[in-house]
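I opened this notebook to record what I looked up in one structure. The entries follow the order in which I consulted the model.

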Amino acid sequence: MPISQRTQVGIVGAGPAGLVLSHLLQLEGIESLVIENRSRQYVEERVRAGVLEQGTVDLLTEMGVGQRMQREGLVHYGIELRFNGKGHRIDFKELTGGKGITIYSQHEVVKDLTNARLASGGQIFFEVENVSVHDFTSSNPKIHYRKDSQDYEMSCDFIAGCDGFHGICRPSIPEGILTTYERVYPFGWLGILAEAPPSSDELIYTYHERGFALLSMRTPHISRLYVQCDPDEDIALWPDEKIWQELETRLASDGWKLTKGPILQKGVTGMRSFVVEPMRYGRLFLAGDSAHIVPPTGAKGLNLAVADVRVLARAFKAFYATGRTELLNTYSEVCLRRVWKVQRFSWWMTSMLHRFPGENPFDHRRQLAELDYVTSSRAASQSLAENYVGLPMD
Ligand code: FAD
Ligand code: DHB
């Protein structure tokens, strides 16, 4: 017999979406339980995004989980676009009325949120198995799972599907309800984490004949770098020396030197744009990567996940305070307006900065003209800047 549990909002997934939602609900006096199929250590060490929009930083700070981010995060007020061997700075501060971004690893955000949840008596169950969601068109949906050889049935008022792109919530919605919009890119990113002081104070996005390259960072001692590669690239064919050589070639600029160091971690990420509509079925709400994926160029995935759960927490707050369902009913529509604008931006940055297999010399010239335009027109630079630092929250 399964052990019965009861909570107001059952949350599947302890990534940024699930953890921020659980925390926001607690601040409103709404109870939630989070289940996660990985171990706490795995989730807290998983290297992913690193760029936080101003709105994400402000929200984490207001939630009371921003102290370490404020201390250790690196605030940047611009990025460099590099092409034809020359750098061009996009000055966010000047173009957006003082806004910037903060470099702080996603796994550090996850650590801070997990610590805060557990310290305030919140419950996160790690290493659960056989997760399934049921009855979400009734007023009493259920989550089934197994932990330490014991089956559980969690009954709740609502389920938040925060279980990422490969989770089980989205596929549990019956056929015919969701419409999928998708584009898969014919390239991937080979990314490394290196013990080397970043060779630039700000991020450098490079368009080169041999393909895209990005210089980013995590701390003043750790660089994060990427090169465009085949989507199914075999990482075994990339010894460290070859990776550094490729980065040096693509990032080359007069008088500039790439700092190298031991490579701590490397991997290949595929690139896709993906959206399902609507982001809700009955009492199951999808948030973050479970509902949409952006290609990484522009660093929007984590920020979009946080923007979703902010809207969702507000809707739950209104429901529990007044019994009204208007905000729950408009959740999907409100989120999708932002989702599509961020999809557009991520697609545009990706299209501008990568070499596409099969492109012709016209396409190449057009991409260079686009970069020239973006870096020389105030209107175009401003458009990039306002999207990069984050569009206003609804
Ligand atoms: P996730 O972080 O994926 O969290 C979902 C959680 O649900 C996970 O902890 C998962 O273990 C758990 N889960 C899954 N299935 C189940 C289940 N059945 N039961 C219980 N729990 C489950 N974005 C950027 O902006 N820049 C980057 O450089 C970048 N790099 C990335 C690299 C990789 C390899 C990946 C996969 C993503 C990357 N992203 C990047 C995107 C960004 O990390 C995501 O957008 C962000 O993690 C979304 O948060 P989320 O909480 O929605 O999903
Ligand atoms: C990083 C990732 C991105 O996708 C991006 O556009 C900028 C930085 C990063 O991992 O640091």
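Which residues line the largest cavity? I note beforehand that I am working with a predicted model. I found the lining to consist of Ala307, Asp308, Arg310, Val311, Arg314, Val334, Cys335, Arg338, Met393 and Asp394.

**Entry 1: cavities**

I searched the whole structure and recorded three cavities of 30 Å³ or more. For the largest cavity I noted about 80 Å³ of space. I then asked which helices supply at least two residues each to the lining of this cavity. They are helix H9, residues 301-322, and helix H10, residues 326-353. H9 gives the largest share, five residues. Sorting the lining by class, I obtained five nonpolar residues and five charged residues, with no polar ones.

**Entry 2: from the cavity lining to His292**

Asp308, one of the lining residues, led me to His292. The side chains of His292 and Asp308 make a polar contact at 2.6 Å. I located His292 in strand E21, which covers residues 292-293. Is His292 buried or exposed? I entered His292 as buried, because its relative accessibility is 2% and the cut-off for buried is under 20%.

**Entry 3: ligand 2**

I turned next to the surroundings of ligand 2. There are 13 residues around ligand 2, and those that come nearest are Tyr205, Ser216, Arg218, Tyr226 and Pro296.

I then looked up polar atoms facing the oxygen atoms of ligand 2.

- For Tyr226, I recorded a polar side-chain atom 2.6 Å from an oxygen atom of ligand 2.
- For Arg218, an N or O atom of the side chain is 2.7 Å from an oxygen atom of the ligand.
- For Ala299, a polar backbone atom is 3.3 Å from an oxygen atom of ligand 2.

On its own, ligand 2 has 290 Å² of accessible area, and I noted that the protein covers 97% of it.

Which strands supply at least two residues each to the shell around ligand 2? I found strand E16 (213-219) and strand E17 (222-229). E16 provides the largest share, three residues. By class, I counted the shell around ligand 2 as eight nonpolar, three polar and two charged residues.

**Entry 4: ligand 1**

I repeated the look-up for ligand 1. Here I listed 27 residues around the ligand, of which Ala17, Glu36, Arg46, Gln106 and Asp289 come nearest.

I again went through polar atoms and ligand oxygen atoms.

- For Arg48, a polar side-chain atom lies 2.9 Å from an oxygen atom of ligand 1.
- For Tyr226, which I had already entered for ligand 2, an N or O atom of the side chain is 3.3 Å from an oxygen atom of ligand 1.
- For Lys300, a polar backbone atom is 3.4 Å from an oxygen atom of ligand 1.

Ligand 1 taken alone exposes 990 Å², and I recorded that the protein buries 84% of that area. Helix H1 (16-27) and H9 are the elements that give two or more residues to the shell around ligand 1. The largest share, three residues, comes from H9. I classed the shell around ligand 1 as 12 nonpolar, eight polar and seven charged residues.

**Entry 5: cross-references**

I marked two items that recur in these entries. H9 contributes to the lining of the largest cavity and to the shell around ligand 1. The side chain of Tyr226 has a polar atom 2.6 Å from an oxygen atom of ligand 2 and an N or O atom 3.3 Å from an oxygen atom of ligand 1.

How values were computed
Residues are numbered from 1 along each chain as its sequence is written. Chains are lettered from A and ligands numbered from 1 in the order in which they are written. This is a predicted model: local features need pLDDT of at least 70, side-chain atom pairs count only at pLDDT 80 or more; totals for chains, interfaces and linings use all residues. Side-chain values use heavy atoms; hydrogens and water are left out. On a 1 Å grid over the protein atoms alone, a cavity is a set of points where a 1.4 Å probe fits but cannot get out, and a pocket is an open set with protein on both sides within 12 Å along at least five of seven lines; lining residues have an atom within 4 Å of a point. Grid points are joined across faces, edges and corners, and a volume is the space filled by probe spheres set on the points. Helices (H or I, at least four residues) and strands (E, at least two) are DSSP runs, numbered from the N terminus. Ala, Val, Leu, Ile, Met, Phe, Trp, Tyr, Cys and Pro count as nonpolar, Asp, Glu, Lys and Arg as charged, and the others, Gly among them, as polar. A residue is near a molecule or strand if one of its heavy atoms lies within 4 Å of it. A polar contact is a pair of N or O atoms within 3.5 Å; within protein, one must be able to donate a hydrogen and the other to accept it, and residues adjacent in sequence count only if both atoms are side-chain atoms. Accessible areas come from the Shrake-Rupley method with a 1.4 Å probe; for residues, only the protein chains shown count as cover. Buried means under 20% relative accessible area, exposed over 50%, partly exposed in between (1.4 Å probe, protein chains only).
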